[in-house]
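Subject: Structure handover

Hello,

Here is the structure I promised to pass on. Please open it first, then read the notes below.

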Amino acid sequence: MTGWVKIVGLGPGSDDLITPQVSDAVAQASDVIGYIPYVARIAPRAGLTLHPSDNRVELDRARHALSLALQGHKVAVVSSGDPGVFAMASALFEALEDGPASWRDLDIEVLPGITAMLAAAARVGAPLGHDFCVINLSDNLKPWTLIEKRLQLAVEGDFAMAFYNPRSKSRPEGFARALDLLQMACGDARPVVFARAVSTPDEQISIVPLTEARPEMADMRTVVILGASNTRIIEGARRRIVYTPRSVLP
Ligand code: SAH
């Protein structure tokens, strides 16, 4: 039996937002590996072994997937959103690079998914319609000084920004510092979108001016989108639309 590893993105939450390609890979898999809440989204069936594991063991998980594939298993490694965005695809290739040469001959594929910021942006309009950048606000895997530098430079470049992992119970102060920095550096009331649990039954979206954004508005299930200086709001009868125009004229 020939094994394989497919690193798949399950999208932001709703089954409607899983691509057919990812559904097929999961249907053909003999093993599913991933963080507990993501593996919980996979329906059990005969012939499928689920391997849920705790957070922060990405490299162990990746090695497990590669060893199983070498033994002939068909392994789906699941991430939420897109597997290449702050998720398992990089972890798998890190393990591959440092692992036995035999792993490099394996059939390994990355299957994309809809990442949280795109699902969130679509809910409110088109805040990422012009140039934007994406920053992970967790300082678990990089120093806080680097996060601050990137925030400063992103403001200087007048990018819209999407922030992943904004605030956790173990890191309550980082997002407060990021907001302080952004409020000082931008100095205006551009819109901020707090999009929580997008496309799940717990979804909550709020749109506030940067001057009124507060740290408690975000948690680990929230992606935050900050507009660029020309991002604007259209007040509609049904809802507020946030968008960034396609052009910045000289
Ligand atoms: N690979 C994932 C991101 C993993 S990092 C992706 O592409 O979406 C985890 C962070 O993603 C969370 O802290 C949150 O910022 C964001 N996130 C994931 N799913 C989300 C959802 N349904 N709604 C809002 N934010 C989400």
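**Pockets first**

The lining of the second largest pocket divides into seven nonpolar residues, one polar and two charged. Here Ala, Val, Leu, Ile, Met, Phe, Trp, Tyr, Cys and Pro count as nonpolar, Asp, Glu, Lys and Arg as charged, and the others, Gly among them, as polar. The residues that line the second largest pocket are L10, D15, I18, V22, S23, V26, A27, R41, I42 and A43. Its volume is about 170 Å³.

A word on the ground rules. This is a predicted model: local features need pLDDT of at least 70, side-chain atom pairs count only at pLDDT 80 or more, and totals for chains, interfaces and linings use all residues. Residues are numbered from 1 along each chain as its sequence is written, and side-chain values use heavy atoms, with hydrogens and water left out.

Pockets and cavities come from a 1 Å grid over the protein atoms alone. A pocket is an open set of points with protein on both sides within 12 Å along at least five of seven lines. A cavity is a set of points where a 1.4 Å probe fits but cannot get out. Lining residues have an atom within 4 Å of a point. Grid points are joined across faces, edges and corners, and a volume is the space filled by probe spheres set on the points.

**The largest pocket**

The largest pocket has a volume of about 1,700 Å³. It is lined by 49 residues. Nearest its centre lie Y38, S80, F86, N165 and M220. Several elements give two or more residues to this lining: α2 (36–39), α3 (58–70), β4 (74–79), α4 (88–98), β7 (132–136) and β11 (222–226). Helices (H or I, at least four residues) and strands (E, at least two) are DSSP runs, numbered from the N terminus. The most comes from α4, with four residues.

The lining of the largest pocket holds 22 nonpolar, 17 polar and ten charged residues. Domain 1 (4–114) and domain 2 (117–243) each supply at least three residues to this lining. The domain bounds come from an automatic or database domain assignment.

**The ligand**

The ligand is surrounded by 19 residues. The closest are D82, V85, T115, M220 and T222. To count, a residue needs a heavy atom within 4 Å of the ligand. M220 also appears among the residues nearest the centre of the largest pocket.

Three polar contacts stand out (pairs of N or O atoms within 3.5 Å; within protein, one must be able to donate a hydrogen and the other to accept it, and residues adjacent in sequence count only if both atoms are side-chain atoms):

- A polar backbone atom of D82 is 2.8 Å from an oxygen atom of the ligand.
- An N or O atom in the side chain of T115 is 2.6 Å from an oxygen atom of the ligand.
- A backbone N or O atom of A116 is 2.9 Å from an oxygen atom of the ligand.

A116 begins helix α5 (residues 116–124). In α5, M117, A119, A120, A121 and V124 are buried. Buried means under 20% relative accessible area, exposed over 50%, and partly exposed in between (1.4 Å probe, protein chains only). Just after α5, G125 takes a positive phi of about 140 degrees.

**The cavity**

How many cavities of 30 Å³ or more are there? The count is one. The largest cavity holds about 40 Å³ of space. F163, F175, L179, L182, V192, F194, L210, V224 and L226 line it. α7 (172–186), β9 (191–196) and β11 each give two or more of these residues. α7 gives the most, with three. The lining of this cavity has nine nonpolar residues, no polar and no charged.

**Single residues to look at**

Most residues other than glycine have a negative phi. Two residues here, neither a glycine, have a positive phi: D158 at about 55 degrees and S199 at about 70 degrees. D158 is in the loop between α6 (144–156) and β8 (160–164). D158 is partly exposed, at 32% relative accessible area. S199 is in the loop between β9 and β10 (204–209). S199 counts as buried, at 13%.

H51 sits in strand β3 (residues 49–53). H51 is buried, with a relative accessible area of 18%. A polar contact of 2.8 Å joins its side chain to that of D31.

Best wishes
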